[in-house]
Amino acid sequence: MALAKDGRGKWRKTAMSTAMGALVGAAAMSGVLALAGTDLLDAMGPSRIALAGVGLVYLLMAAMVGFGVAAPRAGAKVLNVADADELRDDRTNLLFSTIVMALLGATLVLLAVARGPDFAAGLVPAGVAFAVLALMLAGGALVSWLWRDRFDELGRQLGLEGASWAFYLSWIVLSLWGAADFLGLGVRLTPVDVVTIPAAALLLGSFVAIGRRGMMVR
């Protein structure tokens, strides 16, 4: 009975965290859409809006993890961790992850609103957006290499598994989507979609990796 109650408590916490994240995400997305205005959204089109949406997900995740780092006791109630001590013990790595997610999310949003041949109404010069992307990728690769020994074996293994799942998902989706495009099946794959899919797959692959190890319920 004690195990059953503990299991129900863990699932209840996971459900609450998921619902809270969904509500915060929906509110943030609604606010961003309202600020952007219908004219800008119409000019962006579905592909750019999807890219911006993925970027906002990264930013929201960074905000939630950052909240947990800043306020471990409160963060432990909404994040998928055992207790506040886990957040305190892993504060350095979580802070690093928060910064990386925030930078990646901001870069994706910046790309989504950057000017291009089919998006003259863009808010950011194309050269600036591309330079930020190049710096983010180069800096992320360098910092990840320098910090490789700061994570334990489980953390490194989860990273590898998440990256593997992200590759598989990206490969499947891009292969099917691209084939449907060049075979003339009425589906168009744009360069924006090619940027969006790996970023989204990285998120999904991470959840698959931790879910397969039973770490979604803590």
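Where is the place of Met64? Met64 sits in helix H1.

**Overview: a predicted, all-helical chain.**
The model is predicted, and local features need pLDDT of at least 70, side-chain atom pairs count only at pLDDT 80 or more, and totals for chains, interfaces and linings use all residues. Residues are numbered from 1 along each chain as its sequence is written, and side-chain values use heavy atoms, with hydrogens and water left out. The protein chain holds seven helices and zero strands. From the N terminus on, its elements read α-α-α-α-α-α-α. Helices (H or I, at least four residues) and strands (E, at least two) are DSSP runs, numbered from the N terminus. Of the 218 residues in the chain, 31% are buried. Buried means under 20% relative accessible area, exposed over 50%, and partly exposed in between (1.4 Å probe, protein chains only).

**Close-up of Met64 in helix H1.**
Met64 is partly exposed, at a relative accessible area of 24%. Thr98 is 34 residues away from Met64 along the chain. The C-alpha atoms of Met64 and Thr98 are separated by 8.7 Å.

**The largest nonpolar core, with 29 residues.**
A nonpolar core is a set of buried Ala, Val, Leu, Ile, Met, Phe, Trp, Tyr and Cys residues joined through side-chain atoms within 4.5 Å. Met44, Leu51, Tyr58 and Leu108 have the most contacts inside this core. Helix H1 (2-70), H3, helix H4 (91-112), helix H5 (126-146) and helix H7 (191-212) each supply at least two of its residues. H1 gives the largest share, ten residues.

**Close-up of Leu51 and Leu108.**
Leu51 lies in helix H1. Its relative accessibility is 4%, so Leu51 counts as buried. Leu51 and Leu108 are 57 residues apart in sequence. In space, they are 6.5 Å apart, C-alpha to C-alpha.

**The salt bridge between Arg48 and Asp118.**
How many salt bridges does a search of the whole structure find? The search finds one. Its partners are Arg48 and Asp118, with the closest N and O atoms 3.8 Å apart. A salt bridge is a side-chain nitrogen of Lys or Arg within 4 Å of a carboxyl oxygen of Asp or Glu. The pair links distant parts of the chain, 70 residues apart. Arg48 is in helix H1, and Asp118 is in the loop between H4 and H5. Arg48 counts as buried at 8% relative accessibility. Asp118 is exposed, with a relative accessible area of 63%.

**Close-up of Arg115 in the loop between H4 and H5.**
Is Arg115 buried or partly exposed? Arg115 is partly exposed, because its relative accessible area is 37%. Ala126 is eleven residues from Arg115 in sequence. Their C-alpha atoms are 5.3 Å apart in space.

**Close-up of Leu158 in helix H6 (residues 153-182).**
Leu158 is buried, with 14% relative accessible area. Leu158 and Val208 are 50 residues apart along the chain. Their C-alpha atoms are separated by 9.8 Å.

**A nonpolar patch on the surface, including Tyr168.**
The patch is formed by Trp165, Phe167, Tyr168, Trp171, Ile172, Val173 and Leu176. Together these residues have about 750 Å² of accessible area. Accessible areas come from the Shrake-Rupley method with a 1.4 Å probe; for residues, only the protein chains shown count as cover. Patches are made of residues with over 30% relative accessible area and no salt bridge; like charges are joined within 9 Å, nonpolar side chains (Val, Leu, Ile, Met, Phe, Trp, Tyr) within 5 Å. Tyr168 is found in helix H6. Tyr168 is partly exposed, at 44% relative accessible area.

**A negative surface patch, including Asp83.**
Which residues form the negative surface patch? They are Asp83, Asp89, Asp90, Asp152 and Glu153. Asp and Glu count as negative, Lys and Arg as positive; His and the chain ends are not counted. The place of a charge is NZ of Lys, CZ of Arg, CG of Asp or CD of Glu. Asp83 is found in the loop between helix H2 (72-78) and helix H3 (84-89). Asp83 is partly exposed, with a relative accessible area of 36%.
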